[in-house]
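Reader: I am a first-year student, and I would like to understand why the words used for a structure are the right ones. Could you take me through them slowly?

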Amino acid sequence: MSKENASSAPKKKEFFLLRWIRRAFFPNKELDIYAEEQLQSPFRVVVKNFFSMPIAVAALFIFICVALFVFIAPHYVTLDLGEQDSTLVSLAPGYDMMNYPRELVENGVADISVGPNYSIGVDQNGTVYVWGKSKVTKIIDIADIPDEIREAKIVQVAAGSDHAVALAEDGTIYCWGNKRLGQTDLPFELQANNRNHRLAILDIQASNQFSSALTEDGQLYLWGNTNFVDLDVRTQLQGHIKGVALTMNAFVVLLDDGSVQNAGYTASSTVTKVPENAQSDVVAIAGSTNSVAALKTDGSVVVWGATTKGENLVPTFDSPAVEIEGGRYHYVARLASGELVAWGGNRYKQCEVPEEAQECGVIRVFSGSFQNYALDSEGKLHAWGLKGFILGTDTLGRDVFARLVNGGKMTMTIGAVSVIIQMIIGVILGGLAGYFGGAVDMIIMRIAEVVSSMPFIPFAMILSAVLGTKVTIEQRMYIIMVILGVLSWPSLCRLVRAQMFAQREMEYVVAAKTLGVKESKIIFSQIIPNVMSVCLVSITLAFGTSMLTESTLSYLGFGVPLPTPTWGNMLTGANNSLIIQSYWWNWVFVGAIFGITCICINLIGDGLRDALDPKTSGR
Amino acid sequence: MRKYLIKRFAYLVVVFFVVSLMMYAIYNLIPSDPALVQMEPLRKTLKPDEWTAQYLQLRTKLGLDQPLLVRYARWMGFMKDVDGTFSGLLQGNFGYSVSYKRPVVDIIGTPMLNTILLNFISTILTLAITIPLGIYCAVHARSAGDSAIQAGTVVGYSLPTYLVGILFIYIFAVLLRWLPTGGAKTPGSTYTGTREFLDRLYYMALPVLVLVFTGLAGMTRTVRAAMMDTLSQDYIRTARAKGLREKVVVYSHAWRNALLPVSTSIMGWMISVFTGGSLVIETTFSLNGTGRLYWSALNTTDYELVLAMQMFYTLVSLVGVLLTDLSYTLVDPRVRIDK
């Protein structure tokens, strides 16, 4: 014994992972059989056997990678449980939302309009470009620009939530995209104008299924879906309108006397209650989701409406603002000095103006949704904001990647904790039953049989349903861990008991007894360590099983409740053909990583079993 | 043998009552008071002390004031119920479903038939495939075919059933459009006779496929391991040395002896499929089976139905364990139980 300890002592200083890697990839020189017998403890033989199996080692490596990823990444990819956005629903994976075409910049940008997840640009030649996630439904795609628009010379574009509007040089207005709710039904006057080109149209805008067109002589035309907004303009204001701002469900106008007015007949929205300081000296207005910003002659900005993400906290400007643009939850102001100032919601970094855009002397800025484009004096475009989602978003507009990472952490934690619980119960009860035998054994094994004869999934479901009704999400998670642990210990208990039966007759136990060592000490510090290596296989496989069971429970809706993600409940809604086919990213990634993890755990378990089994070691 | 059977049966009965008592206790953790539900509308019309008196009277009438054990005994049918008759589980009164507004007995017939049909077909198919496959793998151990099948089985038994379900819907229903995504029959169809049966099989095909695939993986590994164990025995070498044909050695000498561990795991597997696997499958494919019934009953907090179903599941798994033990004696004459 002492010889063995002396020879292995210097090696212990090496860090265990390094040692494993060295052993896995650079095995020791072959020792002659006597030296080997002397040097290697059974545990070391197992480790050596295990690392001689390439598949098991690869599985271990992948599993460690997944585990590290799942436990480290949540520190960087934080999850806001309440987060969801109706405009970001079911987006395909990819970072292409700000990939504007090169030709647009080469030919000179004439106009850009930012829609919810796509953008439209038009160059100086009048060619229209669409980029980003332009698919509205399975059939309707904004990127399918009608031929008449391709042929026309377009000067202005406007991107709505599911439709787009373009203004040609001759004053013709084109609409395309979703037509079901009247998004493309131009008012009578504009239809006539498309034929005779009498009106001089100054500005077009598009919002949530409705659009506006403003003529040079102050006439405002609105059309689209009237379910969100009453599209009638007060007749006495017509002819005096200089500008218009559209929000998701309201609109206000800027009159030629410099005041902002509610131009509709209804005043239901907070946006239409224009504050005092926006009643005069306003030069430009811009709309956001539920708020409006007005730029005044002195270069200051006033924001009103329902502001939830700090849109109303206008920063102080170094020089007067000359242009204002609104996104979904933010505003961007261009100052006279060429500097850009952005404020409001900054979840997707839409307020972080890049350095080079600040320095280049921006002449125009285009904002909308979560993206911004700044055009500088050299004709270059600077874009910032939401690029897209690497794994897409789910049916509630939540980032699949963030949920995948945080859900993995949850699933693995629950799996690990429940394994620890079942290990504690199983080892203690199995140890007692195996060591003492007789009546203790009888009682413990009967209990184990009762527990294992209960149907697992249905029983776990009812326990979770009954115990989990009046508790917080966090408590419910602990309940799930305990349920899984408490219901699955019998198999480990049986294994430990069987091993105990064999071990308790061994010489070292007899010696310990003769020496008068306490029985509890014999069991738990003499025998159990010898048994643990055999239990390792069972524990590894139990970890996989616990993860599977947790995810199955969550999938059925009786595990960790939504919105807390786990790999199981992320797949809950995935059993319908629409999601399976059209929104494949909702299930493919989480299914893949979960599948790979489970396969790896099973391969590790198999590898350990082979490593422990002397039959396979070839001697 | 008879003594053993009686002992086992008595044990089963005891365990069943222990589990049912536990279930009943858990069921009683739910804070629900039928008397309060009945009396709540009367709270405004009666004076407070009058109302309290009536409420307490109703509680006595419904037997709610009795201790848990008494209520359990009444529910089980050991004791006379409040109306003076035995009307518990043992007398065939499984309770009353709140969501279906019908006695539980009337509800569970059709789903149970569906589940049994689903499990029967998938079990037959799985066994028909897995046994030859496992034997093939064991006989040709470490060949290319064996390695491929081994890789497939690792994938098969690692993936959760619902994931396989989603994957198969994608492949067979969405991509290939061979099979329907879910449901029990063609909507609006009024088929009869053979046509109806075929239609049902058509709708059951995908769930069966998923169950067979997931079952195949674990079972093939078991059969392979058992066969490899047996094939390494000395008597197999002797049989080969005698010059017996390989077929006789494999199927007559080895397979019979390998059947013992296999039969145990077959029973265990069938129980887990019947209780857990088909539950997931039925919810995934919206099949009207016991699993889905149980799931929807839990979701609608229809606890009398849940309790009855739970008892059914417990009985199934207990009988399964008993059958496993008995199957030892059937397949292996070495196991004698005269104790």
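Author: Let us begin with contact: two residues are in contact if their C-beta atoms, placed from the backbone, lie within 7 Å. This is a predicted model, in which local features need pLDDT of at least 70 and side-chain atom pairs count only at pLDDT 80 or more, while totals for chains, interfaces and linings use all residues. Residues are numbered from 1 along each chain as its sequence is written, and chains are lettered from A and ligands numbered from 1 in the order in which they are written.

Reader: How many residues of chain B are in contact with chain A?

Author: By that criterion, 37 residues of chain B are in contact with 33 residues of chain A. Helices here are DSSP runs of H or I with at least four residues, strands are runs of E with at least two, and both are numbered from the N terminus. The largest share of the side of chain B that touches chain A, eight residues, comes from α7(B).

Reader: What makes a residue on that side of chain B nonpolar, polar or charged?

Author: Ala, Val, Leu, Ile, Met, Phe, Trp, Tyr, Cys and Pro count as nonpolar, Asp, Glu, Lys and Arg as charged, and the others, Gly among them, as polar. Sorted in this way, the side of chain B that touches chain A has 26 nonpolar, 11 polar and no charged residues.

Reader: How do you know that β4(A) and β5(A) pair?

Author: Two strands pair if DSSP finds at least two bridges between them. Five bridges join β4(A) to β5(A), residues 163-168, and the two run antiparallel, so the condition for a pair is met. One of the bridge partners is A:A166 in β5(A), which faces A:V157. The open sheet has three strands in the order β4-β5-β6 of chain A, and its edge strands, β4(A) and β6(A), each pair on one side only.

Reader: Why are α10(A) and α16(A) called oblique to each other?

Author: Axes are lines fitted to C-alpha atoms, for helices over the stretch in contact, and angles run from 0 to 180 degrees between N-to-C directions. Angles under 35 degrees count as roughly parallel, over 145 as roughly antiparallel, 65 to 115 as roughly perpendicular and the rest as oblique. The helices α10(A) and α16(A) pack at about 140 degrees, with their axes 8 Å apart, and they are therefore oblique to each other.

Reader: Which residues, by class, make the contact of α10(A) with α16(A)?

Author: That contact has 14 nonpolar, seven polar and one charged residues.
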